[in-house]
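Hi,

Here is the structure I promised to pass on. Have a look at it first, and then read my notes underneath.

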Amino acid sequence: MWKVYNKLLARQPILVQSITTAFLFATGDVVAQQYVERKGMENHDTSRTMRMAVFGGCFAGPVLGNWYRFLELNVKGSTPIKALVKKVAVDQFLCAPVFIGIFFSAQGLLEGKSVNEIKEKLQQGYTTAVLANYKLWPAVQLVNFYAVPLYYRLAVTNVVAIGWNAYLSNVNQRSSSSVPQPVKVNEKENITSPL
């Protein structure tokens, strides 16, 4: 299995990384729903899992795969350790905050939320997620950028990200739940009710 993965990765790195990322984003959501939120399979929100998979495969996989290549080729230092620290710093202070903002915004769009609802979603979950990011990812990326060959870095990130994606999915869901829903007025009976 590993040999097949390596062969496919060498031939089509972005495609393989995107498929792997889609699968692992979906896995993170399943973990969030079944082990964190304890919804049970009968209450599992399949569309939520699919939104995570779509984001992982269509955005996270290709963007992060190319991002890691960009860092490797363009961020240099006078010593290997200085180059490593610079890569982690650029990754964490440039990419991470932007990526998390795009994650919440994309999930809002895929959920059919309005621009104002997405802004509220960002207000509810963004800062919490960015601060949590800094508790985990700098250490992971130090090891990843130091010890892992370029083509496997996204795979390492994705394996660690099963737990991270479970966390993001849960924060995203909570931020969606805390956004007030618009109220529609039923003119015939003059009663207000949720949409």
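Below is what I found, going from the whole chain down to single residues.

First the ground rules: this is a predicted model, where local features need pLDDT of at least 70, side-chain atom pairs count only at pLDDT 80 or more, and totals for chains, interfaces and linings use all residues. Residues are numbered from 1 along each chain as its sequence is written, and side-chain values use heavy atoms, with hydrogens and water left out.

The overall fold: the chain has 6 helices and 2 strands, in the order α-α-α-α-α-α-β-β along the sequence. Those elements are DSSP runs numbered from the N terminus, helices being H or I with at least four residues and strands E with at least two. Of the 195 residues, 43% are buried (buried means under 20% relative accessible area, exposed over 50%, partly exposed in between, with a 1.4 Å probe and protein chains only).

Now the helix packing. In general, two packed helices are described by the angle between their axes and the distance between the axes. Here the axes are lines fitted to C-alpha atoms, for helices over the stretch in contact, and angles run from 0 to 180 degrees between N-to-C directions.

- Helix α2 (residues 13-36) packs on helix α3 (residues 46-74) at about 135°, with the axes 7 Å apart. The pair is therefore oblique (under 35 degrees is roughly parallel, over 145 roughly antiparallel, 65 to 115 roughly perpendicular, and the rest oblique). The contact of α2 with α3 has 11 nonpolar, 10 polar and 3 charged residues.
- The axes of α4 and helix α5 (residues 115-147) cross at roughly 145° and come within 8 Å. Their contact divides into 19 nonpolar, 7 polar and 3 charged residues.

For those classes, Ala, Val, Leu, Ile, Met, Phe, Trp, Tyr, Cys and Pro count as nonpolar, Asp, Glu, Lys and Arg as charged, and the others, Gly among them, as polar. Both crossings, α2 past α3 and α4 past α5, are right-handed (the near helix is turned clockwise from the far one by less than a right angle; anticlockwise would be left-handed).

Helix α4 (residues 80-110) has a bend of about 35° at cysteine 95, and proline 97 follows within four residues. That bend is the angle between axes fitted to the seven residues ending there and the seven starting there. Cysteine 95 is buried, at 13% relative accessible area, whereas cysteine 58 is exposed, at 63%. How many disulfides are there? The count is 0, taking a disulfide as a pair of cysteine sulfur atoms within 2.5 Å.

Two pairs of residues sit far apart in sequence, so here are their spacings alongside burial. Tyrosine 68, in helix α3, is buried at 4% relative accessibility. Its C-alpha is 8.9 Å from that of phenylalanine 145, 77 residues away along the chain. Proline 13, in helix α2, is buried at 16%, and its C-alpha lies 7.5 Å from that of tyrosine 151, 138 residues away in sequence.

Last, the backbone. Most residues other than glycine have a negative phi. Arginine 38, in the loop between α2 and α3, has a positive phi, near 50°, and is exposed at 66% relative accessibility. Glycine 112, just after α4, also takes a positive phi, about 80°.

Cheers
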